[in-house]
Amino acid sequence: MLSLSKHGQHGRGLAVYALAYLVFLYVPVLLLPLFSFNDSLFIAFPLSGFTIQWYAALSEDADMRAALLNTLSVGTVASLLSTILGLLAAKALIRPLPGRALLLGFANLSLFIPEIVIGIALLILITTVGIPLSLMSVVIGHVLICIPFAILVLMSRFEGFDASLEEASRDLGESAWMTFWRVTFPLMLPGIVASLLLTFIVSFDDFMIAFFLCGTDTTLPVYIFGELRFPYKLPTVLALGSAILIVSAVLVAFAEWVRRFGLVGAARDRGIGV
Amino acid sequence: MAREDFVRIENVSKRFGATLAVDRASFGIGRGEFFSLLGPSGCGKTTLLRMIGGFAVPDSGAIVLDGEDITAVPPNKRPTNMVFQSYAIFPHLNVRDNIAYGLRNEHLPTTERNARVAEALAMIRLEGYDTRRAHELSGGERQRVALARALVKRPKLLLLDEPLGALDKRLREAMQVELRQLQREVGISFIFVTHDQEEALSMSDRIAVMEKGRVLQIADPKTLYEAPATRAVADFIGTMNFFEGCLTAMAGEIATVETRALNHLHVAMHPGTTFGAGTRVLVAIRPEKFTLSREPPGAPAIMARVIVATYLGDRSHFQIAIEGAAGPIIVSAQNSATGGRRFEPEETVYLSWPADGPILLPA
């Protein structure tokens with residue numbers, strides 16, 4: 001705000017633009033919690049009154065709870081697997097390998113392929129191989145889409161990781177395995193935590209892959225999609241959406257905080273800016 | 001040699017792609033010796049050190065330590081320890097845990113382990129620094145922690161990869177003295193990699209001069225400076241003036257060389273060197289061996305002209321032109337020795353040298 005007085009007209013124009021930008025980004029999202037507290041079946045202004053009955057209905061919905069549990073299990077397994085695989089890939093990709101850029105491109109390609117394409121492709125592959133559609137097949141799909149996120153987060157932590165630290169550990173008598181646990185892992189921990197959180201959210205948010213691969217074990221987004229067929233369930237879905245929104249936002253913020261904390265720590269440990 | 005070699009590097013070669021990083025290096029290092037590998041960057045000195053430490057495996061040849069062939073032994077199983085160029089202090093551990101890091105595998109009772117760490121902290125004079133983290137240490141302190149962390153393992157051989165390179169000049173000079181004293185106290189053989197010839201000269205018992213993967217000469221600092229074996233060594237260590245010439249006669253240990261710039265020169269041969277009469281040779285003379293004077297001196301002298309005079313406080317540098325010389329000759333004179341007299345550019349002077357000044361080198 002201080003800049004407003006300083007830059008006068010020019011600054012005010014920018015402020016208006018920034019405000020419009022934020023409104024465009026967040027108003028649609030904020031409608032969700034707004035109507036989730038509205039005492040009416042219909043999503044329309046004016047609001048008719050405050051209620052928490054939709055949240056109460058939500059907490060009593062056994063199918064929803066089963067779907068939530070499915071989503072949490074899939075998210076946990078998928079984030080663990082993709083972070084482990086991403087860690088190995090990131091460790092290799094920070095080295096000056098021949099064809100490194102190409103490898104990195106391939107590893108991250110799934111970011112740029114429409115999920116519906118990945119979903120259909122996986123559906124064909126998994127049914128051809130004969131794996132029954134279940135949470136297991138959803139995990140396979142989610143690992144695929146989560147790996148690029150894990151690689152990118154972990155590589156940013158590996159950048160500037162002094163390779164001589166691992167050599168020093170070997171020199172001081174530790175095996176490669178113990179070196180990983182005593183040096184690499186603790187120094188990578190902030191990156192690993194950030195990767196776990198981020199990949200968990202990617203899995204948690206995914207509708208498309210789960211829709212194709214979950215069979216009868218619905219995950220939460222697939223469950224929500226199903227509920228939308230019943231108009232009277234809409235406010236409950238809004239309540240659920242609001243809850244997910246808040247949990248997601250908190251997790252993303254936390255993941256970013258951990259990652260930055262790690263970067264600041266790494267910079268500090270290398271004696272930068274001290 | 002009579003000395004029993006504690007470390008033997010036997011015909012070691014290492015190739016990276018098209019470059020031969022180390023080319024058939026062969027030499028021995030004595031017990032308790034401070035041995036330096038000296039050369040410009042890319043000469044293979046660090047590669048050789050890393051092979052001794054186990055971080056690279058030679059393509060051919062063997063490395064023997066205390067009678068045991070360690071060529072293929074991984075770094076964690078070798079009785080060697082390394083001080084890395086970046087120091088590689090573990091940033092997530094404090095000073096005490098950094099120093100104790102390598103003791104985990106030695107399964108010592110807690111009291112002994114603590115005693116060893118305390119002893120190491122006292123050795124590097126960082127008592128009370130136990131709980132400091134890497135980022136709270138200065139460059140010199142990190143360097144000492146890295147040293148203590150390696151020495152606490154009681155290695156048979158300590159490897160140091162340009163450990164003073166990151167320090168400022170004053171601290172580097174202090175650490176040179178400190179490191180040398182420490183080495184005498186612990187009595188462990190040190191192999192010290194550096195590109196700084198002054199550092200190597202001031203600290204080492206012996207120095208191996210390397211260039212393009214090859215060991216050019218191994219000698220103590222005085223021999224290396226006073227009697228370099230080749231032009232490359234003479235050029236790398238200090239400043240040297242070279243004069244091309246032809247060996248015309250031999251009388252015992254004294255060779256007579258005909259040069260365009262300095263006319264007839266009598267050069268004492270090193271025992272063991274042989275040159276036949278008529279061979280093309282190189283005469284090398286250090287800048288400080290020359291004397292400038294206005295009056296004709298008693299020693300062999302020639303007329304010369306001062307081109308550039310540079311005053312450096314304790315001494316002065318002159319660039320001198322003489323007829324027949326390829327380029328200017330560099331002369332260094334202590335300012336106290338000239339009695340405060342200065343030589344000015346364009347002045348005509350006598351350039352003389354003592355009998356033991358010129359060195360004979362293969363052309």
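Set aside the neighbours within four places in sequence, and Ala148(B) is in contact with Ile99(B), Ala120(B), Leu121(B), Met123(B) and Ile124(B). That makes a handy starting point in this predicted model, since Ala148(B) and Ile99(B) are both among the residues that touch the most other members of the largest nonpolar core. The others with that distinction are Ala146(B), Ile191(B), Val209(B) and Val283(B), and the core counts 152 residues. Which helix gives this core its largest share? Helix α6 of chain A, covering residues 135-158, supplies 13 residues.

Now let us look at the two chains in turn. Chain A has eleven helices and zero strands, so following its elements from the N terminus is simply a walk from α to α by DSSP runs. Its C-alpha trace spans about 70 × 65 × 30 Å along the principal axes. Of the 274 residues in chain A, 34% count as buried. If you take the contacts in chain A with a separation of 6 or more, residues 24 or more positions apart account for 77% of them.

Chain B mixes its elements, with eight helices and 20 strands. The C-alpha trace of chain B spans about 75 × 45 × 40 Å along its principal axes. Here 39% of the 363 residues count as buried. Among the contacts in chain B between residues at least 6 apart in sequence, 64% join residues at least 24 apart.

Where the chains meet, 19 residues from chain B and 18 residues from chain A take part in the contact. Sorted by class, the side of chain B that touches chain A holds nine nonpolar, eight polar and two charged residues.

A good helix to pause at is α5 of chain B, residues 169-186. It has 18 residues and reaches 26 Å from its first C-alpha to its last, close to the 26 Å expected at 1.5 Å a residue. Which residues of α5(B) are buried? They are Met175(B), Leu179(B) and Gln183(B). Seen down the axis of α5(B), these buried residues fall within an arc of 70 degrees, so they line one face of the helix. The general geometry is a helpful reminder here: an α-helix has 3.6 residues a turn, so residues three or four places apart point the same way. On the other side of α5(B), the exposed residues are Arg170(B), Val177(B), Gln181(B), Arg184(B) and Glu185(B). What covers the buried residues of α5(B) includes two strands, β3 (34-38) and β8 (189-194), along with the helices α4 (139-151) and α6 (197-203), each of chain B. After α5(B) comes Gly187(B), with a positive phi near 70 degrees.

Turning to the strands, chain B has an open sheet of four, in the order β2-β1-β4-β5, with antiparallel pairing. The edge strands are β2 (19-30) and β5 (68-69) of chain B, each pairing on one side only. Within this sheet, eight bridges join β1 (residues 5-16) of chain B to β2(B), and the two run antiparallel. One position to find on screen is Ile9(B), which stands opposite Phe27(B) in β2(B).

Another strand worth following is β11 of chain B, residues 241-251. Six bridges join β11(B) to β14 (residues 280-285) of chain B, running antiparallel. In that pairing, Phe243(B) stands opposite Val283(B), and Val283(B) brings us back to the nonpolar core, where it is one of the residues touching the most other members. Six bridges also join β11(B) to β12 (residues 254-259) of chain B, again antiparallel. Ala251(B) stands opposite Ile254(B) in β12(B). How many residues lie between β11(B) and β12(B) in their hairpin? There are two residues between them, and Gly252(B) in the turn has a positive phi of about 65 degrees.

Our last stop is a loop. Leu312(B) sits between β16 (301-311) and β17 (315-321) of chain B. Is Leu312(B) buried or exposed? Leu312(B) has 9 C-beta neighbours inside 10 Å, and therefore counts as exposed, because the cut-off for exposed is 12 or fewer. Leu312(B) and Asn335(B) are 23 residues apart in sequence, while their C-alpha atoms are 8.8 Å apart in space.

Technical notes
Residues numbered from 1 in each chain as written. Chains lettered and ligands numbered in written order. Predicted model: local features only at pLDDT ≥ 70, side-chain atom pairs only at ≥ 80, totals over all residues. Core = buried A, V, L, I, M, F, W, Y, C linked by C-beta atoms within 7 Å. Buried ≥ 20, exposed ≤ 12 C-beta atoms within 10 Å, placed from the backbone. Contact = placed C-beta atoms within 7 Å. Nonpolar A, V, L, I, M, F, W, Y, C, P; charged D, E, K, R; others polar. Expected span 1.5 Å × (residues − 1). Arc of directions from axis to C-beta. Pairing = 2+ DSSP bridges.
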